Amino acid sequence: MGTATGQAQPRSGPPRQPNIVIFLADDWGFSDVGAFGSEIATPHIDALAHAGMRFSNFHVAGSCSPTRAMLQTGVMNHRNGLGNMPETIPDAHRGKPGYDTVMNLRVVTIAQLMKAAGYRTYLTGKWHLGADAKRLPHARGYDRAFSLADAGADNFEQRPIEGLYDKANWTENGKPATLPRDYYSSAFVVEKMIEYIESDRASGKPFFASVNFLANHIPVQAPDSDIARYAAMYREGWTALRAARARRAAALGIVPAGAPMVTMPTTRDWQKLDDDERAAAVRVMQAYAGMATAMDREIGRLVAHLKTRGDYDNTIFVFLSDNGAEPTDPFSSFRNRLFLGMQYDLATDNIGRRGSFSAIGASWASAAASPLSGYKFSATEGGLRVPLIIAWPGHGAIQAGAISDGLAHVTDLLPTLAELADVPLHDGRWQGRSVEPITGRSLVPMLKGGAGSVHGDAPLGYELSGNAALFRGDYKLVRNLPPTGDGKWRLYDLSTDPGETRDLSAAMPDRFAAMMADYRAYAKANGVLDMPAGYTADEQINRYAWEQQGRKRAITAALWLGGGLMVLALLVWGWRRRRARG
């Protein structure tokens, strides 16, 4: 890698550097990819896995924006502004240092680094790191960007998640944009990326392409043909699926053979569901699998295009998910059920189709994370450990088909790609000003087959919404607040127990105490705040939705109802007067 400088310089002459493509999936669980143990058809992602290296011990944040900001900057989430998201931050934390709820202006993005080194830079799909003119991707180093500023949106039309946002905030190069009539999210973000790559091909510069899918974020939606592919599947339920995936993951070498796993208390008993509940549950998982396969097909389309254009061998491909599978049940409250029922067609036969609104919920999310414990929002392995694939097909720097079980973190991706592409990193200064230093470590030694982790025995801290962890070597210290946990700190050996089934805090008091001290040091250095009593992310999202949309819609509905009653009262009064005169 080049010498660190405050400002990288563009290169002259024909490009020697590789192209880079990042495929970022949304809410995919640890075993949702075939090459990680899934039954879902993901042949194109699997092909990248076999052409490159799989990381089986790779960690992100428990929800999307903090992960995305760390991926963009190589800087931990509390230092880059995403100590929490706008949808989940408690009011007491708003405006506090590190809790900007957008990616702050004290960090340098990977697009800025790549652009300064002579790359063309493109982004399509979900952004969710700020919606103002200074924070949209076009202002953060991307030459061209067609992006969604929200956490999610409809996959078939320009429609927001009803009740959470008033519109789907799509922009192109910083200006409001309109989606095409034949829009489907996964197809569109790839089609637009191909358009961007080809539009500037004559420049002769390498490209950096960030493709950010909406799949499989709520609402779960897929083309009919993709849902139909799974028509005979998932009838045995989530517990059977969780066990089957655990067996396949062990057989593939993704997790240790015989590693124990727990049954999450939020997993319902499949046998106790009535026929209607079971039919709806089967259908939503079929739609989820179809949505994943539709995304995989689009990844294959972009890869095939690059092969046709002669770019494939000199392109670095990265695939990852932004967090574990989504457990939220949007229908958990009567108010939500009533509202969503008025906005969408919720019939079982319509689940996953245009005009539908569905989510897999905690029971299926536990299967998607198999054999890990927990899911999105939590600091369990099921929330933080996700699939990572890095491939450079025409280059010997990456061991094809290998699996690394060394600890890796999302902040490591920026320095890894910079080293592979021979792009200089900044040294804490950028364009004459001080910026947050990069804290991630290059994974290149691991990609070349080095045993263990580039983090060695160094502590690596994490916190989001009160759920917290400290990694050190093979060990993990972790705390989860309700409803996922009880607020107690526990200690696990992830090398033998990735499912977090055996708490070692009593058996290893010295290690437990040392790692607690490490966590306190991390929390102090990063300005981590304690959560208000009774806080949960689910309740905060519902509160956010009510404040942003629910209250306005309720007032509007009340005014319409009041106006209607007034008109009715006037009609009755007029009718009675006419009768009295007659």
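Let me start with a definition: two strands count as paired when DSSP finds at least two bridges between them. That matters for everything I'll show you today, and please keep in mind that this is a predicted model.

With that in hand, look at strands β17, residues 475-479, and β18. They run antiparallel and are joined by five bridges. If you want a spot to click on, Y475 stands opposite D493 in β18.

Now zoom out a little. These two belong to an open sheet of four strands, in the order β15-β16-β17-β18, with antiparallel pairing. What stands at the edges? That would be β15 (460-464) and β18 (489-493). Each has a single partner strand, so one side of each is left without a neighbour in the sheet. On average, neighbouring strands here are turned by 15 degrees against each other, direction ignored. And there is a helix to go with the sheet: α14, residues 509-526, lies across β15, β16, β17 and β18, running at about 115 degrees to β16.

Let's move to another strand, β10, residues 388-391. Which strands does it pair with? On one hand there is β2, residues 53-55, antiparallel to β10 through three bridges. On the other there is β9, residues 315-321, also antiparallel, with four bridges to β10. A nice residue to find is I389 in β10: R54 stands opposite it, and so does F319.

Finally, are the faces of β10 covered or open? Both are covered. L388 and I390 on one side are buried, and so are I389 and A391 on the other. In general, side chains in a regular strand alternate between the two faces of the sheet. Thanks, everyone!

Methods:
Residues numbered from 1 in each chain as written. Predicted model: local features only at pLDDT ≥ 70, side-chain atom pairs only at ≥ 80, totals over all residues. Heavy atoms only, no water. Buried < 20%, exposed > 50% of the residue type's maximum accessible area, 1.4 Å probe, protein only. Axes fitted to C-alpha atoms, helices over the stretch in contact; angles between N-to-C directions. Contact = heavy atoms within 4.5 Å.
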